[in-house]
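Reader: I'm new to this one and could use a hand. Could you pick a single part, take me through it closely, and then show me how it sits with the rest?

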Amino acid sequence: MKRERNRKKTVFLIVWLAIIVALLAAVLIIGLPGERAETIAETMKDGVLHDRNRVSLFGLLDVSPALISAFAVTGILLFCALLIRIFAVPRFRTVPGRFQAAVEKLVGFFGDLAASNSPHKTGFVAAYIFSAGVYVFFSTLFELFGFQAVSTEGTSVTLPAPLADINGALAMGIMSFLVILVAGFAVNGVKGGLRVLKDFSLPVSMSFRIFGALLSGLMVTELVYYYNALSFLVPVVVAVLFTLLHAIIQTYVLTTLVSVFYGEAVEPPAPSEKKKKLKGNIKS
Amino acid sequence: MPLNIDIVQILLHMLNFAILAGGLTLLLFSPVSKFLEERRRHFEELERENAEKAAEAERLREEYERKLAEAGDEIDRMRAEAEKEAAETARRYLDSAKEKAGELVSGAEAEAEARKAQILESAQTEISELVLTAAQKLISSSGDEEHTRALYDAFLEEAAGEERASAERSDGR
């Protein structure tokens, strides 16, 4: 008797939900009346160049929304770090719980990466790639939330991944190169610095690698979201492929590259054959 | 600039990242690294202590085994000593017992000899008393010859019986 009633209830719920979804989909696919703010070509162009939808930075300067994203990511990450520092770190135990294990894994991963690629002067590069890794990963995921900002033209603009902007990507590449360069000069003197300068293509390659990877994700995402018909189910796949995977891959690539080049810059003179070979492999 | 590259924005991105990197290093990386390092050291310490304890235990075990073996030897030695001592004591007792027995036997022999002499002496005294009694009786009743003969016979018989008893007594000893 009771089972019979439950079954009826289930059938009713399924049918009800199916009708609602079908009607909603019909409305959306046929198209809601209303005008688009921009054409697909404009959206794509703006995705690459960020020349139209600009956001005012405290009224001082009109900047690309990616810079706002970058500030937002920094704010969120620092806030979370502060919370962890205040509430979690003092309660760390010798045998970690789940959360502690996750934090330890995060720090330990970059620490190990730095130690394995750069056996000398590991401390600094470990801290740097930890920050860079966390930044690249979470700023790429930031795109998924689709936070909105108001552009200077008064339209709504979705905050993109900071590194999908050419300026953000260049900043990342140049800064990583500077870190390696300065470390080379500081540890091995002029000779070490010159050895790093030999790889002058490094900042460009790092910048454009990350820019290209994230921009491609952005383009596909923009394309998908532009059309209502593609807004069902497809974003799940797109989000995972172009956001989550890019976040993981780009984080890993950038941190590995920085630690490898840093390790080479700070290692004592007379580098071994093995290292040269490794570097050659990564470049190709 | 091509591609909308903007130096000011690049610098702003750098500033942003510099703030983030410093903050994350101070708030998260350094404390957690320190904690990990401390824990690593803690476990290394534990491992070292365990190894030391194991070595100590092994050393003690060896020492105890050695001591045990030594104690076994000691016990064997003591047992042999005790056995030797016991044999010695037993031999001494046996010797003294034998000596005592010899003394007792010779003492008894001497005593028996003395008693025999004493008995013989007392027998002789009795005989002389008997003779004396007989002589007195003879003197007092020297009537008829037949009576005298009877008396004489009686004396002889008594004397012989006395002699036999004395011999038997000395034989019994």
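Author: Let's take the long helix of chain B as our part and work outward from there.

One thing before we start: this is a predicted model. The predictor gives the complex an ipTM of 0.76 and a pTM of 0.65. Chain B averages a pLDDT of 87, with 94% of its residues scoring at least 70. For chain A the average is 82, and 91% of the residues get to at least 70. Within chain A, confidence is highest in α3(A), at 91, and lowest in helix α9 (residues 273–283), at a mean of 60.

Now for the helix. Chain B holds two helices and zero strands, and the one we want is α1, which runs over residues 7–140. That's 134 residues, reaching 188 Å from the first C-alpha to the last, close to the 200 Å expected at 1.5 Å a residue. There is a bend along the way, though: a kink of about 45°, centred on Thr25(B).

Look next at Leu24(B). Skipping its neighbours within four places in sequence, Leu24(B) is in contact with Phe29(B) in its own chain, and with Leu77(A), Ala81(A), Phe130(A), Ser131(A) and Val134(A) across in chain A. Leu24(B) also belongs to the largest nonpolar core, which has 71 residues. Along with Ile129(A), Ile180(A) and Val258(A), Leu24(B) touches the most other members of that core. At least two core residues come from each of α3, α4, α5, α6, α7 and α8 of chain A, and from α1 of chain B as well. As a general point, nonpolar side chains tend to be buried together in soluble globular proteins.

Just before α1 of chain B begins, you'll find Ile5(B). Ile5(B) counts as exposed because it has 11 C-beta neighbours inside 10 Å, where 12 or fewer is the cut-off. Even so, Ile5(B) touches Ile166(A), Asn167(A) and Leu170(A), leaving out residues up to four places away in sequence.

Stepping back to the whole meeting of the two chains, 28 residues of chain B are in contact with 36 residues of chain A. On the chain B side, those residues split into 18 nonpolar, eight polar and two charged. As for burial, 10% of the 173 residues of chain B count as buried, while in chain A the figure is 35% of 284.

So what is the partner like? Chain A has nine helices and four strands, following the pattern α-α-β-β-α-α-α-β-β-α-α-α-α along the sequence. If you take its contacts with a separation of 6 or more, 68% are between residues 24 or more positions apart. One of the helices feeding the core, α8 of chain A, covers residues 234–266 and reaches 47 Å, close to the 48 Å expected for its 33 residues. There's a kink here too, of about 35°, centred on His246(A).

For one last stop, try Phe124(A), in helix α5 of chain A. Phe124(A) counts as partly exposed because it has 18 C-beta neighbours inside 10 Å, and being buried takes 20 or more. Its C-alpha is separated by 9.9 Å from that of Tyr262(A), although the two residues are 138 apart along the chain.

Key:
Residues are numbered from 1 along each chain as its sequence is written. Chains are lettered from A and ligands numbered from 1 in the order in which they are written. This is a predicted model: local features need pLDDT of at least 70, side-chain atom pairs count only at pLDDT 80 or more; totals for chains, interfaces and linings use all residues. The expected span of a helix is 1.5 Å times one less than its number of residues. The bend at a residue is the angle between axes fitted to the seven residues ending there and the seven starting there. Two residues are in contact if their C-beta atoms, placed from the backbone, lie within 7 Å. Ala, Val, Leu, Ile, Met, Phe, Trp, Tyr, Cys and Pro count as nonpolar, Asp, Glu, Lys and Arg as charged, and the others, Gly among them, as polar. A nonpolar core is a set of buried Ala, Val, Leu, Ile, Met, Phe, Trp, Tyr and Cys residues joined through C-beta atoms within 7 Å. pLDDT is the predictor's confidence in each residue, from 0 to 100.
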